[in-house]
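Colleague: Could you walk me through this model? I have a few questions ready.

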Amino acid sequence: MPVYFYWGEDQFTLHQAVKQLQKRCLDPQWEAFNFEKIPGEQADATQRGLEQALTPPFGSGDRLVWVVDSTLGQSCDDGLLARLQKSLPAIPTDCHLLFTSSKKLDRRLKSTKYLEGNATIREFALISPWNVDALIHQIQAIAQDLQLPLATETEGFLAEALGNDTRLIWNELGKLKLYSESQTGPLTVAQVEQLVNTSTQNSLQLAQAIRDGETPQALQLVADLLLTHNEPALKILATLTGQFRTWTLIKLALEAGEKDDKAIAAQADLSNPKRLYFLKKELRGITGGQLLKTLPLLLELEYQLKRGADPCSSLQTKVIELSSLFQPIHRRR
């Protein structure tokens with residue numbers, strides 16, 4: 001059955017998938033007749049989508065009907081459900097009905113259960129900023145699509161430098177692809193570090209400066225991120241929260257006497273236990289108690305930012321509080 005439901009926060013990758021579906025279904029010369037885009041906020045959006053999908057294509061190629069920002073995954077009354085159950089099986093094989101949404105489908109709904117059995121459902125989730133292994137795999141996959149040769153250490157650098165912003169990743173790797181055409185061999189860190197937007201790398205450097213108790217350096221990085229890179233405060237916070245969460249889980253496991261690297265990696269959501277060697281080195285001289293105290297402060301910062309507090313002053317204040325947790329007693333006085 002040619003029915004699709006694409007959902008998830010990674011809207012860039014989702015829209016790429018939509019473009020691929022358009023390319024597969026539509027004849028460019030007849031697209032104006034066979035492509036319909038319906039805003040999901042309209043009260044009758046689902047009904048209109050069903051009606052259009054039941055209409056055979058005109059001329060060459062298939063028909064594609066796209067209901068954008070659909071609410072079908074969040075609410076569906078009995079009347080609309082009955083319409084859905086009646087119409088979907090009747091859609092011609094050369095007509096395609098696509099629903100998209102940034103929101104997760106409510107699995108309690110009868111309509112969701114029906115769609116799960118009668119439509120192709122795809123999730124487009126953003127990778128967590130602290131899941132560096134998954135980010136590296138994403139870099140590798142996109143580089144392979146672009147036929148961009150990267151050294152192994154460069155993949156790790158780019159994963160930390162670009163984070164989970166797929167649009168930024170595609171843009172930056174596209175630039176590197178153009179640069180690589182005049183180079184020989186896989187690109188090294190030294191070659192790419194001057195070419196890419198390294199705001200996420202600086203966010204990780206900020207986490208490291210806080211962990212080392214280096215308040216002046218941390219404040220300089222905050223200014224650099226906000227003023228030079230125009231980095232959203234909530235995005236900086238997401239990186240900090242992810243990094244301190246990972247450090248905390250690892251340190252608590254070590255202090256509890258856990259010696260199995262695979263078990264510690266599982267607790268900290270690390271897919272590659274070999275990374276623990278480096279993470280353990282980063283945590284020497286730091287206690288689990290110190291790391292645990294960071295999490296309420298980061299949660300407090302998130303609350304303040306979401307209530308409209310000034311990003312610069314809020315970040316600066318919390319960075320001072322956070323870095324003071326890791327300073328020797330004589331430096332705090």
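Colleague: Happy to see it! What covers the buried residues of α3?

Modeller: First, a caution: this is a predicted model, so local features need pLDDT of at least 70 and side-chain atom pairs pLDDT 80 or more, while totals for chains, interfaces and linings use all residues. Residues are numbered from 1 along each chain as its sequence is written, and side-chain values use heavy atoms, leaving out hydrogens and water. Helices (H or I, at least four residues) and strands (E, at least two) are DSSP runs numbered from the N terminus, and contact means heavy atoms within 4.5 Å. On that basis, the cover includes β2 (35–39), β3 (63–68), α4 (78–87) and β4 (95–101).

Colleague: Why are the buried residues on the same side of α3?

Modeller: Buried means under 20% relative accessible area, exposed over 50%, and partly exposed in between, with a 1.4 Å probe and protein chains only. In α3 (residues 45–53), that gives A45, T46, G49, L50 and A53. They lie on the same side because the arc they cover around the axis, taken from the directions to the C-beta atoms, is only 135°.

Colleague: Thanks! In what order do the five strands of the open sheet run?

Modeller: Strands count as paired if DSSP finds at least two bridges between them. The pairing here is parallel, and the order is β2-β3-β4-β1-β5. The edge strands, each pairing on one side only, are β2 and β5 (120–123).

Colleague: And which residue in β4 stands opposite F5?

Modeller: Strand β1 (residues 3–7) runs parallel to β4, joined by five bridges. Opposite F5 in β4 stands F99.
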